[in-house]
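Subject: A structure for you to look at

Hello,

Here is the structure I promised to pass on to you. Please open it alongside this email, and then read on for what turned up in it.

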Amino acid sequence: MLCALGSAVCFGTASVFQAVAARRAASADDSAGVDPRLVMRAVRQGWYVLGLTLDGAGFLLELVALRSVPIYAVGAALAASLAVTAVVASWVLKVSLGRAEWGAVLVVCLGLGLLAVASGAEGHGTGGPALRWGTLGAAALVLVAGLAAARLPARARSAALGLGAGLGFGVVTVAVRLIPDFGITDLLTNPATYAVLLGGGTAFLLLTTALQHGSVTVATAGMVIGETIGPALVGVLALGDRTRDGLAGLAIAGYALAVVGALALARFGEGGAEPQAGGAEAPTAPERAEDTGGGTSA
């Protein structure tokens with residue numbers, strides 16, 4: 001559970017850096033579609049590279065967590081990265097948090113505390129060939145659906161791309177549990193390995209596009225829903241994840257609190273890269289359009 005929380009800290013802090021870089025990488029001729037060139041331009045930004053480094057550390061911590069605790073506990077902890085982003089943004093970028101948002105941070109912490117008490121060990125199921133191939137098929141489906149969603153109207157596009165990114169991250173979470181052995185031969189012959197690569201790459205592409213061209217709050221809310229509910233159900237129904245004896249209700253309550261609290265902090269999905277007037281300046285804080293689904297200028 002400590003590793004899961006550590007991954008949330010890494011992911012949440014990375015969002016602050018990546019958001020600034022994504023805005024700096026935007027160009028006036030960007031279309032609303034999914035454009036890999038946006039990611040390539042963002043990678044040239046130092047803040048984005050630092051964010052990716054933190055993402056890498058977070059992923060390694062997530063791997064350790066997924067080998068020890070149920071998927072639902074890890075998923076709730078990852079959703080809590082929004083609370084980390086909100087707190088880091090308030091300290092580093094001087095973004096103002098209202099009482100309701102500080103309350104949401106406390107709700108997330110309470111939910112994670114309940115989950116830590118109630119969650120049992122991970123299930124012993126490793127999934128059969130059908131589930132492994134299923135994760136790879138799901139990753140491919142998310143990519144195709146995401147490319148189509150990029151052509152939807154602005155607000156629907158934000159929700160669809162955010163949900164697609166969350167589903168991609170969810171595929172990664174499930175696929176990691178379906179890799180029982182990290183030997184080279186086993187990795188190369190396991191469809192779940194390719195599901196991790198395709199699902200993760202798709203999720204990053206869709207999320208970067210959603211944050212650049214649409215409503216941050218709507219996109220992030222979709223991502224939280226996509227990356228938490230589905231994987232948790234797969235863990236319980238197919239992989240044998242359970243709670244401690246007699247504490248199922250406590251685990252459900254903790255899970256719900258963590259996810260609802262994260263949804264209340266959805267506006268911080270873009271990293272809070274918006275300095276408060278008169279406050280400390282962001283590293284290279286760009287202007288951004290009003291969070292109503294409009295475009296963003298560099």
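**What was found**

To begin with one residue, V144 is part of helix α7, which covers residues 129-149. Please keep in mind that this is a predicted model. With a relative accessible area of 54%, V144 counts as exposed, because that value is over 50%. Its C-alpha lies 9.8 Å from that of G164, and 20 residues separate V144 and G164 in sequence.

Helix α7 also holds L131. Here the relative accessible area is 26%, so L131 is partly exposed. L131 touches L178, A238 and L239, leaving out residues up to four places away in sequence. For one of these, L178, the C-alpha atom is 8.2 Å from that of L131, while the two residues are 47 apart along the chain.

**The overall picture**

Stepping back, the protein has 12 helices and zero strands. Of its 298 residues, 51% are buried. If you take the contacts with a separation of 6 or more, 83% of them join residues that are 24 or more positions apart. The accessible surface of the protein is about 12,700 Å², and carbon and sulfur atoms account for 69% of that surface.

Among the helices, α4 is worth a look. Nine of its nine residues are buried, so α4 is largely enclosed by the rest of the structure. If you would like to find them in the viewer, the buried residues of α4 are I71, Y72, A73, V74, G75, A76, A77, L78 and A79.

**The largest pocket**

The largest pocket has a volume of about 720 Å³. Its lining consists of 33 residues, and those nearest the centre are F11, D55, F169, F204 and L207. Which helices supply at least two residues each to this lining? They are α1 (2-24), α3 (46-66), α4 (71-79), α5 (81-92), α8 (154-177), α10 (191-213) and α11 (216-238). Helix α10 gives the most, with eight residues. Sorted by class, the lining of the largest pocket contains 17 nonpolar, 12 polar and four charged residues.

Two of the residues nearest the centre of this pocket, F169 and F204, come up again when you look for aromatic pairs. A search of the whole structure finds one such pair. The ring centres of F169 and F204 are 5.7 Å apart and the ring planes stand at 85 degrees, so this pair is edge-to-face. The pair links distant parts of the chain, since F169 sits in helix α8 and F204 in helix α10, 35 residues apart. As for its surroundings, F204 has a relative accessibility of 31% and therefore counts as partly exposed.

F11, also listed among the residues nearest the centre of the largest pocket, is one of the contacts of S81. S81 lies in helix α5, and its relative accessible area of 12% means that S81 is buried. Apart from residues up to four places away in sequence, S81 touches A8, F11 and G12.

**The second largest pocket**

The second largest pocket has a volume of about 260 Å³. It is lined by 14 residues, with Y72, A232, V236, I252 and Y255 closest to its centre. Y72 is also one of the buried residues of α4. Helices α11 and α12 (248-264) each supply at least two residues of this lining, and α12 gives the most, with five. By class, the lining of the second largest pocket divides into 11 nonpolar residues, one polar and two charged.

**Just after the last helix**

One more residue to point out is A266, in the segment after α12. Is A266 buried or exposed? With a relative accessible area of 1%, A266 is buried. Setting aside neighbours within four places in sequence, A266 is in contact with L82, V216, T217, T220 and A221. In the case of T220, the C-alpha atoms of the two residues are 5.4 Å apart, although A266 and T220 are 46 residues apart in sequence.

Enjoy exploring it, and do write back with any questions.

Best wishes

Notes. Residues numbered from 1 in each chain as written. Predicted model: local features only at pLDDT ≥ 70, side-chain atom pairs only at ≥ 80, totals over all residues. Heavy atoms only, no water. 1 Å grid on protein atoms, 1.4 Å probe; cavity = no way out; pocket = protein on both sides within 12 Å on 5 of 7 lines; lining within 4 Å. Points joined across faces, edges and corners; volume = space filled by probe spheres on them. Helix = DSSP H or I, 4+ residues; strand = E, 2+ residues; numbered from the N terminus. Nonpolar A, V, L, I, M, F, W, Y, C, P; charged D, E, K, R; others polar. Buried < 20%, exposed > 50% of the residue type's maximum accessible area, 1.4 Å probe, protein only. Contact = heavy atoms within 4.5 Å. Areas by Shrake-Rupley, 256 points an atom, 1.4 Å probe, with all protein chains shown as cover. Phe/Tyr/Trp six-rings, centres within 6.5 Å; stacked < 30°, edge-to-face > 60°.
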